[in-house]
Amino acid sequence: MRTIRSVAELRRALAEARGPDRHIGLVPTMGYLHQGHMALVEDSQARCDATVVSIFVNPTQFGPKEDLTTYPRDFPRDEQLCQEAGVDVLFAPEVRDVYPPQFDTFVEPGAPAQPLCGPFRPGHFRGVATVVCKLFNMVQPDVAFFGQKDLQQCAVVRRMTFDLNLPIDIVTVPTVREPDGLAMSSRNRYLSAPERKRALAISRGLLAAETAFLEGERDPARLLSLVRPPLEALDELQYLEIVDAETLKPATNPLSRPVAICAAGYLGSTRLIDNVMLDPDAARR
C-alpha cells in the first residue's frame, strides 16, 4: 500500500494502475475507520482492479457549532486497517491542498439536499458535494462507494455525478450494524454507556417497521407509528420520515416504489442518523 499526501504524487501512482479494462475504485472517508468503511473497501476490491481510500476531515461540511475540532481521528490505526485490508492507495491530503488560499468555488446541490438533514445542517451538503467533486477530480475513479447509512449524502452525490456528467458509477453499500443492531458510525464513540444503550431505540424502531413491511404493511402512517414509540428514548428527535429512495420526496400511500424510513436525533450532544430501505418489488419475490 502507498500512503500519499499530494495530488501530484497521487496522479503519478494511479497512472500506473490505469489501463484498458482496468477499473479504479474510490472509498471516500473522514477516517476513524470501522467495519462499515471496510465493507466499502471489500466491495471496491470485488469490483475494481485498484482501490483508493481517501481520508479527509472536510471542514466545509461542518457547521459553526458542530464537531470539526473534536471529530475522532486516529490516522496510524486507519493506515494499519487499510494496509491489512489490502488497499492499494491511501490518500490523505492536507486541508491547504484541498482548499488552497483564496479558494472560492463550490458545488451547490439541488433538491436532494433540501429535506431530512437539510434544514438542520445548512450548508452541509454544499460542503459534501464540493469535496466529493474535488476528490473525484483528484482520483478520477471509475467507481465510488458510499454507505447506505448516509442515504441523503448518496442521493446528493448521485445527482451531482449525473448532472455534471462525471464518468463515475456510484455504488451504495448496505449499512453495517453492530451485533445489537446499532448502525456503525465514527460518532458512536461519543456515546456514554447509558446513551449507547438508549441509541438502540433508533434501529429497534426502524427494524420493527421493516418487519411489518415484509409482512405486508404498505401504509406509511402505520409504519411510522411503529418507529415512533421507541424513539421517545432519544433526547431530541429531529425527523422521522418515509421518502422515495431515489428522489427523497415524501412517499406515496400505499407504498409502491422503493422507499426509505429515515430518522435523526440526539443522545446528549451526539447526533445519530439511520434508515432502512423498503422495496415492494423485492418483498414480493
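Helices (H or I, at least four residues) and strands (E, at least two) are DSSP runs, numbered from the N terminus. The model is predicted. The exercises below work through its elements.

**Exercise 1. Place Met160 and decide whether it is buried or exposed.**

Step 1. Find the element. Met160 lies in helix H6.

Step 2. Apply the cut-off. Buried means under 20% relative accessible area. Met160 has a relative accessible area of 6%, so it is buried.

Step 3. List the contacts, leaving out residues up to four places away in sequence. Met160 touches Val107, Ala129, Val132, Cys133, Phe136 and Leu166.

Step 4. Take one contact further. Val107 is 53 residues from Met160 along the chain, and their C-alpha atoms are separated by 8.5 Å.

**Exercise 2. Describe how H5 and H6 cross, and say which residues make the contact.**

Step 1. Set out the helices. H5 covers residues 124-139 and H6 covers residues 151-163. Their axes come within 10 Å and cross at roughly 55 degrees.

Step 2. Classify the angle. At that crossing, H5 is oblique to H6.

Step 3. Give the hand. The crossing of H5 and H6 is right-handed.

Step 4. Name the residues. H5 contributes Phe125, Val128, Ala129, Val132, Cys133 and Phe136. H6 contributes Gln152, Gln153, Val156, Val157, Met160 and Thr161.

Step 5. Sort them by character. The contact of H5 with H6 holds nine nonpolar residues, three polar and no charged.

**Exercise 3. Work out the strand order of the six-stranded open sheet and identify its edges.**

Step 1. Read across the sheet. The order is S1-S4-S3-S2-S5-S6, and the pairing is parallel.

Step 2. Find the edges. S1 (2-4) and S6 (169-173) each have a single partner strand, so one side of each lacks a neighbour in the sheet.

Step 3. Add the twist. From one strand to the next, it averages 25 degrees.

Step 4. Check one pair. S2 (residues 24-29) runs parallel to S5, and two bridges join them. Leu26 has Ala144 of S5 as its bridge partner.

Step 5. Place the helix. H1 (residues 7-17) packs on the sheet and touches S1, S2, S3 (50-55) and S4 (89-91). The direction of H1 makes about 145 degrees with that of S1.

**Exercise 4. Locate Gln148 and say whether it is buried or exposed.**

Step 1. Find the loop. Gln148 sits between strand S5 (143-147) and H6.

Step 2. Use the accessibility. Gln148 is at 14%, so it counts as buried.

Step 3. List the contacts, again without residues up to four places away in sequence. Gln148 touches Thr172, Val173, Pro174, Thr175, Asn275, Val276 and Met277.

**Exercise 5. Trace the pairing of S7, S8 and S9.**

Step 1. Start with S7 and S8. They run antiparallel, joined by eight bridges. Tyr239 has Ala264 of S8 as its bridge partner.

Step 2. Move on to S9 (residues 270-278). S8 and S9 pair in the antiparallel sense over nine bridges. The bridge partner of Tyr266 in S9 is Arg271.

Step 3. Examine the turn. S8 and S9 form a hairpin with two residues between them. Gly268 in this turn has a positive phi of about 60 degrees.

Step 4. Judge the burial of S8. Eight of its nine residues are buried, so S8 is largely enclosed by the rest of the structure.

**Exercise 6. Find the backbone exceptions in the loop between S7 and S8, then compare the setting of Asn165.**

Step 1. Recall the background. Most residues other than glycine have a negative phi, and most peptide bonds are trans.

Step 2. Look for a cis bond. One joins Asn253 and Pro254, with omega about 0 degrees. Pro254 is in the loop between S7 and S8.

Step 3. Look for positive phi. Leu248 has a phi near 65 degrees. Leu248 lies in the loop between S7 and S8, and at 2% relative accessibility it counts as buried.

Step 4. Turn to Asn165. Its phi is near 55 degrees, also a positive value. Asn165 lies in the loop between H6 and S6. With a relative accessible area of 66%, Asn165 is exposed.

**Exercise 7. Determine whether Glu246 is buried or exposed, and what it touches.**

Step 1. Place the residue. Glu246 is in the loop between strand S7 (236-244) and strand S8 (259-267).

Step 2. Apply the cut-off. Exposed means over 50%. Glu246 is at 58% relative accessibility, so it counts as exposed.

Step 3. Give the contacts. Not counting residues up to four places away in sequence, Glu246 touches Ala155 and Arg257.

Step 4. Add the separation. The C-alpha atoms of Glu246 and Arg257 are 9.5 Å apart, with their positions eleven residues apart along the chain.

Terms used:
Residues are numbered from 1 along each chain as its sequence is written. This is a predicted model: local features need pLDDT of at least 70, side-chain atom pairs count only at pLDDT 80 or more; totals for chains, interfaces and linings use all residues. Side-chain values use heavy atoms; hydrogens and water are left out. Axes are lines fitted to C-alpha atoms, for helices over the stretch in contact, and angles run from 0 to 180 degrees between N-to-C directions. Angles under 35 degrees count as roughly parallel, over 145 as roughly antiparallel, 65 to 115 as roughly perpendicular and the rest as oblique. A crossing is left-handed if the near helix is turned anticlockwise from the far one by less than a right angle, and right-handed if clockwise. Contact means heavy atoms within 4.5 Å. Ala, Val, Leu, Ile, Met, Phe, Trp, Tyr, Cys and Pro count as nonpolar, Asp, Glu, Lys and Arg as charged, and the others, Gly among them, as polar. Buried means under 20% relative accessible area, exposed over 50%, partly exposed in between (1.4 Å probe, protein chains only). Two strands pair if DSSP finds at least two bridges between them.
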